[in-house]
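Reader: I would love a close look at one part of this protein, with its surroundings explained step by step. Could you pick a spot and walk me through it?

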Amino acid sequence: MSKEIILIDCDQCILNFNQRVADIYEENFGRKPKIKDPKAFKATNVYDFSDLSMAEMAIFKMKCTGENMWSKMKPMAGALEFVNSLSEHFSFIVFTSMQPVFENVRMKNLQEEGFKIEKVIAVQGSKTHNPKEDYARETNAVFFIDDLAKNFKGIHDIPTELILLDHEYSDGANDDREGIIINHTKKSLLEIKQDLILPYLSK
């Protein structure tokens with residue numbers, strides 16, 4: 001019998017994108033970046049890079065792309081336990097906004113960190129529509145977890161429970177929710193597991 005599916009976003013849900021940016025900074029300049037706002041969504045708002053020269057910034061931006069960026073991210077707090085403790089009951093599909101050419105790199109990163117992931121689906125960003133909508137409709141997943149409300153736009157009319165992992169971003173990343181319907185908002189993966197997934201399993 002096949003398992004039910006949980007769709008889960010990657011960056012800032014199970015892998016720490018912003019920490020990887022800080023790590024790249026330290027790898028190249030021998031010091032940690034100064035923190036501006038730890039509650040921000042964008043790395044450029046979290047950290048202060050104003051100490052870099054134009055030449056250094058060019059190097060830094062180049063290093064924050066491609067395989068160097070996507071292959072070495074570390075898990076978010078509690079993410080590994082969340083996924084692996086539920087993998088007996090669900091197939092986890094990582095649903096991520098990134099260039100599809102790096103899909104396999106992301107999968108390898110997740111496997112090397114110990115995540116029991118079924119597969120990675122990468123979708124290219126778009127300014128005209130929600131790139132996650134089509135696949136979310138196709139999978140018939142029981143839950144879809146993401147840290148950005150905009151990634152639920154247009155898909156409230158499917159049976160999948162839409163769960164916002166709300167980091168309470170201070171830089172407005174989730175302020176615009178017009179036309180977006182979210183079934184549940186939780187502050188951590190642990191809350192999602194205890195309040196939503198375990199009760200679902202006990203039905």
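Author: Happy to! Let's begin in a strand: in this predicted model, Asp146 stands opposite Leu164 of β7. Leu164 also has a partner in β8, where Thr185 stands opposite. Around these pairs, β6 and β7 run parallel and are joined by 4 bridges, while β7 pairs with β8 (residues 184–186), again in the parallel sense, over 3 bridges. Strand β7 spans residues 161–165, and 4 of its 5 residues are buried, so the rest of the structure largely encloses this strand.

From β6 we can step across to helix α5, residues 79–86, since β6 (143–146) is among the elements that cover the buried residues of α5. Others include β1 (4–8), β4 (90–97) and α8 (189–201). The buried residues of α5 are Ala79, Phe82, Val83 and Leu86. Viewed down the helix axis, they fall within an arc of 85 degrees, so they line one face of α5.

Phe82 deserves a pause. Leaving aside residues up to four places away in sequence, Phe82 touches Ile8, Phe92, Ile145, Leu189, Ile192, Lys193 and Ile197. The largest nonpolar core has 48 residues, and Phe82 is one of those that touch the most other members, along with Ile8, Ile14, Phe60, Phe92 and Leu110. Helix α1 (residues 17–29) gives the most to this core, with 5 residues. Another core, of 18 residues, lies apart from it and includes Phe95, Ala149, Ile155 and Ile158. As a general backdrop, nonpolar side chains tend to be buried together in soluble globular proteins.

How values were computed:
Residues numbered from 1 in each chain as written. Predicted model: local features only at pLDDT ≥ 70, side-chain atom pairs only at ≥ 80, totals over all residues. Heavy atoms only, no water. Buried < 20%, exposed > 50% of the residue type's maximum accessible area, 1.4 Å probe, protein only. Helix = DSSP H or I, 4+ residues; strand = E, 2+ residues; numbered from the N terminus. Arc of directions from axis to C-beta. Contact = heavy atoms within 4.5 Å. Core = buried A, V, L, I, M, F, W, Y, C linked by side-chain atoms within 4.5 Å. Pairing = 2+ DSSP bridges.
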